[in-house]
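Reader: I'd like to learn how to read strands, helix packing and salt bridges straight from a set of atoms. Could you walk me through an example?

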Amino acid sequence: MSDGHVLDGVTVLDLSTFVTGGFCSLMLANQGADVVKVERPGVGDDNRHSGPPFVDGESPYFWTVNYDKRSVELNLKKPEGLAALYDLAEEADVFVQNYRPGTAEKLGVAYDEISDVNDEIVYCAISAFGQTGPWSQRPGYDLLIQGMSGIMSVTGEPDGRPVKVGLPQTDLITAMWSAFGIMGALYRRERTGEGEYVELGMLDATLPWLTKQAGKAFVGEEPKRMGTKDPVLAPYQTFETADGHINVACLNQKLWRQFCEAIGRPDLPEDDRFETNGDRVEHMDELEAELETELRERSTDEWMDVLVEDAGIPAGPVYDVEDALYNEQTEARGVVTEMEARGKTIPVVEHPLNFEHSDSGFESPPPELGEHNREVFAELGYSDEEIEELADAGVFGDD
């Protein structure tokens, strides 16, 4: 029997724009939190305007970061708008913002002001470089952090230029750390009754993910771009087939020998260049030439049968995004679902957490800008007259 969602009863105020705060609060919404997006009147979250493509004026990119949220427009530069935000914060559990350091203070929504109205709130401040340090006032986005974190220096082909990971990786890394910090702070509040201030920068959030590359740097070695090759494992890379590409991951000697048997090259483990993993790492280019000669002889599907189904080798095709989203595995797991909203079908990529005794998953579509202006304040206890006063004062923009 389900006990409901993990975060039932938790209210999140999300004042962020784009992906770092947005994906953070999306993770919380997936676990049942009531997430209220506080957006600029008439403009909203900048991610609403990311595209093309657009569907009836809506950005599908925005959809993927904003399921299960409600939208309220508030002009925080108007005293009435700021007072309304304080009323929301007084009843909220979590407050998320990703302003550049100093901006929250100018707007009157820094931790000191918000904790004054609710000393039990968990306040999360996200920025590019953190609230302190010589770079704290610099603007920063995923592209810049990918470059400054070392990721681009180890991504791409050896003879090519540095390459950005093809998704907003550092935004998503930061978002996940933020959600992790918020969940930890909520747990602490259950034990102590005290609120918390959680602060992080995108650069700080990304560096722990360097792992094996950091390990090389720690001993004076310079990690470099290696294409799909791995700095400490071989074969652990992408190979060409007759009609595409396949990834092969041999992490131990047993798998290495089984792989060689499966491709008809049982002689390779006896070659001094390829006997141990260390030998193979030292002779990666020669190893690649030997293996790709064999793998080019059959199609990817044929190799999947030979390597995976028959020999149990960790191998997989390189899918395009559509194939990755829609295949027999994702269908069986219910990973991609759909919602009907505003006369259109909105695809939903579900999150991966499945609980035995709790619900998870998205239940409502991403909101239109200001869709819940009146609903949220009515729930807060505002009368119809008070809501009209906010509207007349321009707090909701052109509501």
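**Strands, helices and charged pairs**

Author: Sure, let's start with a strand pair: β7 (residues 236-240) and β8 (residues 245-249) run antiparallel and are joined by five bridges. Keep in mind that this is a predicted model.

Reader: Which residue of β8 is the bridge partner of Tyr236?

Author: That's Ala249. The two strands, β7 and β8, make up a hairpin, with four residues between them.

Reader: What is the strand order in the open sheet?

Author: Read it as β7-β8-β9, three strands with antiparallel pairing. To spot an edge strand, look for one that pairs on one side only; here those are β7 and β9 (315-317). On average, neighbouring strands of this sheet are turned by 25° against each other, if you ignore direction.

Reader: And how many bridges hold the β8 and β9 pairing?

Author: Three, again in the antiparallel sense. One spot to look at is Val248, which stands opposite Ala315 in β9.

Reader: On to helices. What angle do α16 and α17 make where they pack?

Author: For a helix pair, take the angle between the axes and the distance between them. Helix α16 (residues 373-380) packs on helix α17 (residues 384-392) at about 135°, and the axes are 10 Å apart. Angles over 145 degrees would count as roughly antiparallel and 65 to 115 as roughly perpendicular, so α16 is oblique to α17. The crossing of α16 past α17 is right-handed.

Reader: Which residues of α16 and α17 meet there?

Author: From α16 you have Arg374, Phe377 and Ala378, and they meet Ile387, Glu388, Leu390 and Ala391 of α17.

Reader: Got another pair I can practise on?

Author: Try α1 (residues 20-30) against α7: the angle is about 45° and the axes lie 8 Å apart. Under 35 degrees would be roughly parallel, so this pair is oblique too, α1 to α7. Here as well, α1 passes α7 in a right-handed crossing. The α1 side includes Phe23, Cys24 and Met27, while the α7 side includes Leu172, Ala175 and Ile182.

Reader: Now the charged pairs. How many salt bridges does the count come to?

Author: The count is 27, going by an N to O cut-off of within 4 Å. Take Arg342 and Glu58, whose closest N and O atoms are 2.8 Å apart. This pair links distant parts of the chain, 284 residues apart: Arg342 sits in the loop between β10 (336-341) and β11 (344-349), and Glu58 in the loop between β2 (34-39) and α2 (60-65).

Reader: Are Arg342 and Glu58 buried or exposed?

Author: Check each residue's relative accessible area. Arg342 has 27%, so it is partly exposed. Glu58 has 14%, so it is buried, as the limit for that is under 20%.

Reader: Where does Arg189 find its salt bridge partner?

Author: At Asp93, with the closest N and O atoms 2.8 Å apart. Arg189 is in helix α7 (residues 169-192) and Asp93 in the loop between α3 (79-91) and β4 (94-97), so to speak two distant parts of the chain, 96 residues apart. Arg189 and Asp93 are both buried.

Reader: What about Arg265 and Asp267?

Author: Their side chains meet in a salt bridge at 2.9 Å, N to O. Arg265 is buried at 15% relative accessible area, whereas Asp267 is partly exposed at 39%. Don't stop at the pair, though: Arg265 and Asp267 belong to a network of salt bridges that also links Asp271, Arg273, Glu286, Glu290 and Glu294.

Methods:
Residues numbered from 1 in each chain as written. Predicted model: local features only at pLDDT ≥ 70, side-chain atom pairs only at ≥ 80, totals over all residues. Heavy atoms only, no water. Buried < 20%, exposed > 50% of the residue type's maximum accessible area, 1.4 Å probe, protein only. Pairing = 2+ DSSP bridges. Axes fitted to C-alpha atoms, helices over the stretch in contact; angles between N-to-C directions. Left-handed = near helix turned anticlockwise from the far one by under 90°. Contact = heavy atoms within 4.5 Å.
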